[in-house]
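Visitor: Could you take me on a close look at a single part of this model, and then show me how the rest is arranged around it? I am new to this, so please go step by step.

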Amino acid sequence: MKGMLRRAVASLPRPARAAESETGLLERILSSSQPPPRHVAIIMDGNGRWAERRGLPRSVGHRSGVAAVKRVVMAADEAKIEALTLFAFSVENWGRPKREISAIMRLLYETTKRELRELADNNVRVITTGDVDALPTTRREAVLESIERTRHNTGLVLNLALNYSGRAEILGAVRQIAGKVQDGSLRLEDIDEAVFTRHLQTNGLPDPDLLIRTSGEWRLSNFLLWQTSYTELYITDTLWPDFSRADLFEAVLEYQSRERRFGRVVKSRPS
Ligand code: FPP
């Protein structure tokens with residue numbers, strides 16, 4: 001009943017809220033008794049609709065999406081987030097029109113080339129998740145160069161999910177593990193969650209604490225299926241190209257206000 005009431009109230013039109021300054025939001029994050037999320041994952045949805053609503057080609061939406069990527073990378077670093085995973089291209093995205101795929105790949109190339117120095121100067125370490133080997137050669141090389149040039153950086157880890165599929169990732173882990181059992185290097189009884197996690201492409205990253213999806217869609221879209229078991233979800237109607245520094249800070253503050261129970265009961269509450 002409580003939940004129904006909360007949902008009903010949440011669906012009421014909100015009174016205009018005086019926008020709190022970005023600095024104010026950031027200060028609240030950093031002074032909170034709850035730590036910020038260590039790992040934030042984002043499904044950057046709504047580029048196409050953003051462009052279509054303006055009568056522009058979808059590729060323009062993706063280009064504006066890159067500007068949002070830059071804002072959010074810097075804001076994540078300011079909010080003391082350790083790792084940021086961005087769903088930049090899914091395995092399923094190959095089914096889009098050829099022109100749109102080329103536009104996204106070109107943007108990926110231009111952005112990794114152009115922003116590399118700034119990322120490196122800001123101590124950002126670029127890594128990837130997904131089958132990067134299957135990307136077109138020049139696009140793949142630009143991504144590999146940014147991984148190589150930032151590998152010793154110690155600041156924000158920027159994980160680009162490229163040609164990524166959560167199910168394919170899980171199958172890959174199963175295949176590796178089965179191979180090890182077959183050749184005798186791993187015993188069946190030693191397979192546990194920790195072993196499985198080490199065979200995923202995200203090996204080394206903590207599970208995402210917070211998953212943000214823009215554009216009001218309530219789906220996981222084959223993203224980090226194993227890793228998001230206990231991730232807090234944050235869905236916003238804002239389309240990705242409009243997602244601002246303040247939007248990220250608000251999502252983080254919302255996360256800090258949540259009680260994470262991981263399936264357990266919190267003792268201080270009356271039963
Ligand atoms: C989803 O919007 C967005 C994508 C499939 C591509 C995201 C790519 C970028 C932001 C550019 C490259 C990224 C980096 C990291 C440099 P959509 O097209 O599905 O939007 P729609 O749902 O409104 O159609």
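Guide: Happy to! Let's begin with helix α6, which lies across β3 and β4 and runs at about 135 degrees to β3. Keep in mind as we go that this is a predicted model. Helix α6 covers residues 137-149, and together with β3 and β4 it makes a left-handed β-α-β unit.

Now look at the two strands of that unit. β3 and strand β4 (residues 157-164) pair in the parallel sense, over 5 bridges. To find one place where they meet, pick out valine 126, which stands opposite leucine 158 in β4. Is β3 enclosed or open? Strand β3 (residues 125-129) is largely enclosed by the rest of the structure, because 4 of its 5 residues are buried.

Strand β4 also holds a residue worth pausing at, asparagine 163. Its phi is near 50 degrees, a positive value in a residue other than glycine. As background, most residues other than glycine have a negative phi. Asparagine 163 counts as buried, because it has 21 C-beta neighbours inside 10 Å, and the cut-off for that word is 20 or more.

Let's step back to the sheet. The open sheet has 6 strands in the order β3-β4-β2-β1-β5-β6, with parallel pairing. Its edge strands are β3 and β6, each of which pairs on one side only. On average, neighbouring strands of this sheet are turned by 20 degrees against each other, direction ignored. In general, strands of a sheet pair through backbone hydrogen bonds.

Walk along that order to the edge formed by β6. Here strand β5 (residues 210-213) and β6 run parallel and are joined by 4 bridges. One pair you can look for is leucine 211 with its bridge partner in β6, leucine 233. In the loop between β5 and β6 you will find leucine 224. Leucine 224 has a positive phi of about 45 degrees although it is not a glycine. With 26 C-beta neighbours inside 10 Å, leucine 224 counts as buried.

After β6 (232-235) the chain leads through a loop to α9 (245-257), and aspartate 242 lies in that loop. Is aspartate 242 buried or partly exposed? Aspartate 242 is partly exposed, because 16 other C-beta atoms lie within 10 Å. The C-alpha atoms of aspartate 242 and serine 215 are separated by 9.8 Å, although the two residues are 27 residues apart along the chain.

That brings us to the helices, starting with α9. Helix α2 (residues 22-31) packs with α9 at an angle of about 30 degrees, their axes 9 Å apart. That angle makes α2 roughly parallel to α9, and the crossing of the two is left-handed. Among the residues of α2 at this meeting are Leu25, Leu26 and Ile29, while those of α9 include Phe249, Val252 and Leu253.

Helix α4 (residues 58-78) also packs with α9, here at an angle of about 45 degrees and with axes 9 Å apart. So α4 is oblique to α9. The contact is made by Arg71, Val72, Ala75 and Ala76 of α4 and by Arg245, Leu248 and Phe249 of α9. In this crossing α4 passes α9 in a right-handed way.

Stay with α4 and turn to helix α5 (residues 98-121). The axes of α4 and α5 come within 10 Å and cross at roughly 30 degrees, so the two helices are roughly parallel to each other. This contact includes His62, Arg63 and Val66 from α4, with Ile104, Leu107 and Thr111 among the α5 residues. Here, too, α4 passes in a right-handed crossing.

Our last stop is aspartate 77, which lies in helix α4. Aspartate 77 is partly exposed, because 17 other C-beta atoms lie within 10 Å. From C-alpha to C-alpha, aspartate 77 and valine 66 are 17 Å apart in space and 11 residues apart in sequence. Which residues does aspartate 77 contact, leaving aside its neighbours within four places in sequence? They are Asn122, Gly155 and Leu156.

Technical notes. Residues are numbered from 1 along each chain as its sequence is written. This is a predicted model: local features need pLDDT of at least 70, side-chain atom pairs count only at pLDDT 80 or more; totals for chains, interfaces and linings use all residues. A residue is buried if 20 or more other C-beta atoms lie within 10 Å of its own, exposed if 12 or fewer, and partly exposed in between; C-beta atoms are placed from the backbone. Two strands pair if DSSP finds at least two bridges between them. A crossover is right-handed if, with the strands pointing away from the viewer, the path from the first strand over the helix to the second runs clockwise. Axes are lines fitted to C-alpha atoms, for helices over the stretch in contact, and angles run from 0 to 180 degrees between N-to-C directions. Angles under 35 degrees count as roughly parallel, over 145 as roughly antiparallel, 65 to 115 as roughly perpendicular and the rest as oblique. A crossing is left-handed if the near helix is turned anticlockwise from the far one by less than a right angle, and right-handed if clockwise. Two residues are in contact if their C-beta atoms, placed from the backbone, lie within 7 Å.
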